[in-house]
Amino acid sequence: MVLPSGEQYEIAAAGYRAVVTESGAALRVLSRDGRDLVHGFAEDAMSGGGRGQLLMPWPNRIRDGRYSFGGRDLQLGLTDPGHGNASHGLARWAAWTLEEHTGTSVSLVYRVMAQTGYPWTLDLHVLYDLSANGLVVTQTATNLAPEPAPYASGAHPYLCVGDAIEDLELHVPARTRLLVDDRQLPTGTEPVSGESDFTTPRRIGDTELDHGFGDLDHEDGRATVTLRDPASGDGAALWVDGRHRWLQLYTAPTDGPRPAIAVEPMTAPADAYNSGTDLATLAPAGTDGDELSVSWGIHAL
């Protein structure tokens, strides 16, 4: 028998514990001294709602799965059939191969072969590393093709503090948000205001979020989202490096349980393969710029 998410790789350090899965190289568990920092999924289950998955070689959605690059018109499979989009890349359900597993870190690799809709071969690599400073995740892509390749990356952790988010305070250092249509595709941007403005920490309450946020304020090279229980002082923080210029935030609707909030690091926003916004171009194999490495992390407050 094989578990739905395959092999389980546990690491630990300084009171932190994490479990990474073979399927999608996903972050299934992250805790500090027994307190969950992410809302993951059970060992005998598959990831639901993108929980913990890596989003490579693009995050979020591509309109109709269609885009043009390098003089070619390309069509991806519609992995979000309800909205008619290609969603969250090509590696989230793949069986990643273990590269190295120590007591405090684990690295996995996956080769995306050239295929319909993405005719380039990439080597993807992820390193999860735990220390007293929490979890650091480094995602790397290397172009193995002889021509340039479009690329963006993301991840899909859900932060949690306790069992519900309504009474938690959220801080998001973002000055703009994406406007989207009923297919969750961008139609423009606007300054954050009202329910979308978390530049000053405030209670989540009944706010519903499913938006991309940009113009992140990076301090000392990092932009940090915090989620905190004002009663206990407990919290969780997610930071991103300077290559991550976008965050997608998602809460479940208010008519059901809301145990966590997805805080998704993204190097480019939804539909970047068409808009070109912050889309990276990996140089041909063996030349300068054929590799891109980005980092993000989570720690307890």
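**Exercise 1.** How many bridges join β2 to strand β3, and which way do the two strands run?

*Solution.* Keep in mind that this is a predicted model. Start by finding β3 at residues 27-32. Then count its links to β2: there are 5 bridges, and the two strands run antiparallel. To check one position by eye, look at Arg17, which stands opposite Ser31 in β3. Finally, follow the chain through the hairpin of β2 and β3, where 5 residues lie between the strands. Here Gly24 takes a positive phi near 70°.

**Exercise 2.** Work out how β1 is joined to β2, and find the residue with a positive phi in their hairpin.

*Solution.* First, locate β1 at residues 8-13; 6 bridges join this strand to β2, in antiparallel fashion. Next, pick out Ala13, whose bridge partner in β2 is Tyr16. The hairpin has 2 residues between the strands, and Ala14 has a positive phi near 50°.

**Exercise 3.** Put the strands of the sheet in order, and say which strands stand at the edges.

*Solution.* Lay the 4 strands side by side: the order is β1-β2-β3-β4, the pairing is antiparallel and the sheet is open. β1 and β4 (35-36) stand at the edges with a single partner strand each, so one side of each has no neighbour in the sheet.

**Exercise 4.** Why is strand β2 largely enclosed by the rest of the structure?

*Solution.* Take residues 16-21 and apply the cut-off for buried, under 20% relative accessible area. Of the 6 residues in β2, 5 are buried, so the strand is largely enclosed by the rest of the structure.

Conventions: Residues are numbered from 1 along each chain as its sequence is written. This is a predicted model: local features need pLDDT of at least 70, side-chain atom pairs count only at pLDDT 80 or more; totals for chains, interfaces and linings use all residues. Side-chain values use heavy atoms; hydrogens and water are left out. Buried means under 20% relative accessible area, exposed over 50%, partly exposed in between (1.4 Å probe, protein chains only). Two strands pair if DSSP finds at least two bridges between them.
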